[in-house]
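Please take the sequence and the structure below together, and let the text that follows guide you from one part to the next.

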Amino acid sequence: MFLPATPEEMRKLGWDRLDVILVTGDSYLDSPFVGVSVIGQLLLKAGYRVGIIAQPDADTADITRLGEPALFWGVTGGCIDSLVANRTASGKKRRGDDFTAGGINNRRPDRAVIVYANLIRRWFKATRPIVLGGIEASLRRIAHYDAWSNRVRRSILIDAKADFLVYGMGEKTVLELAARMHGGRSVSDVKGLCYIAAEKGIGKVELPSFDEVSADPSAFTKMFLDFYRNQDHRTAKPLCQRQDKRWLIHNPPMPPLTEAEMDEVHGMDFERSVHPCDRGRGKVRALETIRFSIPTHRGCYGECHFCAIAVHEGRTVSSRSEASILREAEKLASLPDFKGYILDIGGPTANMYGFECKKKLLQGACPEKRCLYPSVCASLRPDHGRQLSLLKKLRRIPGVKAAVVASGIRHDLVLADRKEGLAYLGEVVRHHVSGQMKIAPEHSEAKVLACMGKPGRKGVIAFRDLFLRLTAKAGKEQFLTYYMIAAHPGCTAGDMEALRGFASRELAIRPEQVQLFTPTPSTISTLMYHTGRDPFSGRTLFVEQTAAGRERQKKLLVAKKGLLRYDTPQLNQTAKEEESWVKTKTSKKKPRRNLPKR
Ligand code: SF4
């Protein structure tokens with residue numbers, strides 16, 4: 001059932017007051033892909049009366065429509081950080097919004113978490129605690145560099161004047177918080193929680209203060225690395241950071257969900273639809289994909305430096321059981337508008353389902369070592385056996401014509417699995433690709449790939465050859481799509497030129513899926529973007545920060561020959577600019593930044 005979103009729906013349930021009111025920056029979609037809906041349904045299952053206010057109108061009393069909760073308010077910006085949702089990588093306002101009914105980007109404010117928390121305080125003085133959650137809060141939980149204002153900002157908990165912040169996926173933390181608040185007990189040691197305190201207490205790792213990290217890039221780097229190394233629930237210590245006269249307390253993370261807990265979450269009865277009060281506004285584009293897709297796992301140990309998943313979902317992959325996934329597929333197949341196609345069966349990285357590093361599960365993720373970079377760690381032992389079995393069984397479900405693996409695949413994991421990798425790829429190529437398979441080499445040049453934490457080009461070519469061979473054997477006509485990034489820290493126009501050469505010579509393509517690097521808060525790449533240094537080696541990096549330079553990098557890769565004379569004086573000019581930028585950087589003079597613009 002939908003959680004009540006109107007007073008009439010509360011009345012129908014016989015509820016005169018709610019325990020928890022959740023406020024979100026998306027339209028209200030009841031789906032296992034939508035965090036606020038999962039949290040709401042779990043709280044309901046645990047016996048709390050929960051309601052949802054989606055995209056409240058800040059100019060009216062809309063936020064008061066469900067009254068005041070007895071326990072707490074839960075506030076999220078939605079499935080995407082509101083600034084990423086509202087602005088392009090070039091800083092321009094986006095016109096569309098896939099998580100808003102009608103698809104027009106006119107209902108989610110910038111910094112939605114702060115706006116909604118203020119809205120609550122405006123209408124309800126001295127109200128129940130405000131608890132922030134979701135990706136926007138999670139990525140901005142400590143002092144962070146915010147590219148949209150080009151400055152280091154305080155924890156969003158302080159800027160929003162809220163009481164608590166739940167980071168990560170949040171299910172167990174929110175349930176624990178609710179139980180303790182309900183019982184009148186202290187919440188100060190709840191895992192996965194941040195809060196503000198007058199004193200720092202004892203036994204915590206003290207991060208450099210907000211004032212220090214705002215003024216000094218090397219203090220910012222130290223803060224970030226201390227933070228990043230304390231994100232595994234088995235090894236993390238509590239953190240604290242002075243922000244003005246108060247202390248931000250960052251408790252260690254909650255353990256990731258077990259298989260049984262994952263099954264419990266995904267076994268709940270979601271409507272997989274948009275709430276009736278939003279239906280009249282038009283379609284929600286995101287629903288077209290997620291309505292008939294199945295998440296098999298969460299978390300990612302790829303740790304690509306530009307990606308926020310490791311910071312939000314964690315480095316440990318939690319998988320559902322095969323039985324739970326098959327039950328969900330049967331349920332989808334029974335829906336009247338199901339056309340026989342499961343549009344995606346996957347997770348952050350499709351082929352991380354079903355295996356994890358045993359050492360990590362027992363002792364925690366290695367603090368100084370990567371699971372996949374510079375090559376696949378010997379302790380990981382990739383095994384696509386469970387995925388193979390799952391895909392075979394999915395195809396046998398009556399009513400399912402195809403289950404597509406549309407999430408990205410890590411090609412290095414396939415190649416590293418000597419036992420099942422070939423069989424897995426063969427199976428996917430024969431039955432689970434809808435015309436094209438996505439992989440994400442992101443670049444070709446070793447120094448740029450090192451800045452991204454991505455493996456080298458040799459694996460891409462080996463995987464491409466294997467894919468083409470298996471595709472030919474299956475008698476199919478299908479393609480590989482390569483995702484690339486332009487203007488990543490450490491990437492020069494010359495590197496984009498080299499990437500173009502690699503793509504046309506070695507891959508025989510002109511890339512179309514090219515993103516401009518977006519400095520999302522709390523990623524390693526954003527740290528590089530802000531400080532102009534590689535945090536691990538201390539090396540100064542070229543960082544393209546001008547709007548024109550960033551666009552030029554993208555054009556160097558995508559423009560048809562003749563439209564952009566990328567191999568003429570323009571490139572020489574760019575090389576000079578890069579040289580002078582590095583000189584400026586090493587002379588400690590702050591470079592002029594004009595990107596992203598508001
Ligand atoms: S042993 Fe290897 S796979 Fe396991 S956590 Fe450490 S780096 Fe990752």
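In this predicted model, the number of salt bridges comes to 38. Side chains of opposite charge can pair when their charged atoms come close. One such pair is formed by arginine 65 and aspartate 62, whose side chains meet with a distance of 2.9 Å from N to O. Aspartate 62 counts as buried because its relative accessibility is 19% and the limit for that class is under 20%, whereas arginine 65, with a relative accessible area of 23%, is partly exposed.

Another salt bridge joins arginine 298 to glutamate 171, and here the closest N and O atoms are 2.6 Å apart. Because arginine 298 belongs to strand 15 (residues 297-298) and glutamate 171 to helix 7 (residues 171-182), this pair ties together parts that lie 127 residues apart in sequence. Both partners are placed in the interior class, for arginine 298 is buried and glutamate 171 is buried as well.

A further pair consists of glutamate 427 and arginine 395, with 2.8 Å between the closest N and O atoms of their salt bridge. Distant parts of the chain are linked by this pair too, since glutamate 427 sits in helix 18 (residues 421-431) and arginine 395 in helix 16 (residues 385-395), 32 residues apart. Glutamate 427 is buried, with a relative accessible area of 5%, while arginine 395, at 27% relative accessibility, counts as partly exposed. Salt bridges can also be joined to one another, and in this structure a network of them links Asp81, Arg111, Arg140 and Asp146.

From the charged pairs we can turn to the ligand. Which residues surround the ligand? The shell is made up of Arg315, Cys357, Lys360, Ala365, Cys366, Lys369, Arg370, Cys371, Cys377, Ser379 and Leu380. Sorted by character, the residues of this shell divide into six nonpolar, four charged and one polar. Serine 379, one of the residues around the ligand, is found in the loop between helix 15 (358-363) and helix 16, and at 35% relative accessibility serine 379 counts as partly exposed. To give a sense of scale, the C-alpha atoms of serine 379 and isoleucine 104 are 47 Å apart in space, and the two residues are 275 residues apart in sequence.

The loop between helix 15 and helix 16 also holds proline 374, and the peptide bond leading from tyrosine 373 to proline 374 is cis, with omega near 5°. Most residues other than glycine have a negative phi, and most peptide bonds are trans. Against that background, two residues can be picked out for their backbone angles. Glutamate 442 has a phi near 70°, which is a positive value in a residue other than glycine; glutamate 442 is found in strand 20 (residues 436-442), and at 8% relative accessibility it counts as buried. Alanine 508 likewise has a positive phi, of about 55°, although it is not a glycine. Alanine 508 lies in the loop between helix 21 (493-505) and strand 22 (514-516), and with a relative accessible area of 65% alanine 508 is exposed.

Helix 10 shows how buried residues can be arranged along a helix. Within helix 10 (residues 259-266), Met262, Asp263, Val265 and His266 are buried. Seen down the axis of the helix, these buried residues fall within an arc of 160°, so they line one face of helix 10. They pack against several elements, namely helix 2 (35-45), helix 7, strand 14 (293-295), strand 15, strand 16 (318-319) and helix 14 (322-333). Two of these elements have already appeared above, because helix 7 and strand 15 carry the salt-bridge partners glutamate 171 and arginine 298.

Leucine 287 offers another view of a buried position. Leucine 287 has its place in helix 12 (residues 285-290), and at 10% relative accessibility leucine 287 counts as buried. Leaving aside neighbours within four places in sequence, leucine 287 is in contact with Leu29, Arg272, Ser273 and Val274. By contrast, alanine 450 is 163 residues away from leucine 287 along the chain, and their C-alpha atoms are separated by 36 Å.

It remains to ask about the confidence of the prediction. The chain averages a pLDDT of 93, and 94% of the residues score at least 70. Over residues 563-573, however, the pLDDT is below 50, and this stretch has 15 contacts in the model beyond near neighbours in sequence. Residues 586-598 also have a pLDDT below 50, and for this stretch the model shows 31 contacts beyond near neighbours in sequence.

Technical notes. Residues are numbered from 1 along each chain as its sequence is written. This is a predicted model: local features need pLDDT of at least 70, side-chain atom pairs count only at pLDDT 80 or more; totals for chains, interfaces and linings use all residues. Side-chain values use heavy atoms; hydrogens and water are left out. pLDDT is the predictor's confidence in each residue, from 0 to 100. Contact means heavy atoms within 4.5 Å. A residue is near a molecule or strand if one of its heavy atoms lies within 4 Å of it. Ala, Val, Leu, Ile, Met, Phe, Trp, Tyr, Cys and Pro count as nonpolar, Asp, Glu, Lys and Arg as charged, and the others, Gly among them, as polar. A salt bridge is a side-chain nitrogen of Lys or Arg within 4 Å of a carboxyl oxygen of Asp or Glu. Buried means under 20% relative accessible area, exposed over 50%, partly exposed in between (1.4 Å probe, protein chains only). Helices (H or I, at least four residues) and strands (E, at least two) are DSSP runs, numbered from the N terminus. The arc is that of the directions from the helix axis to the C-beta atoms.
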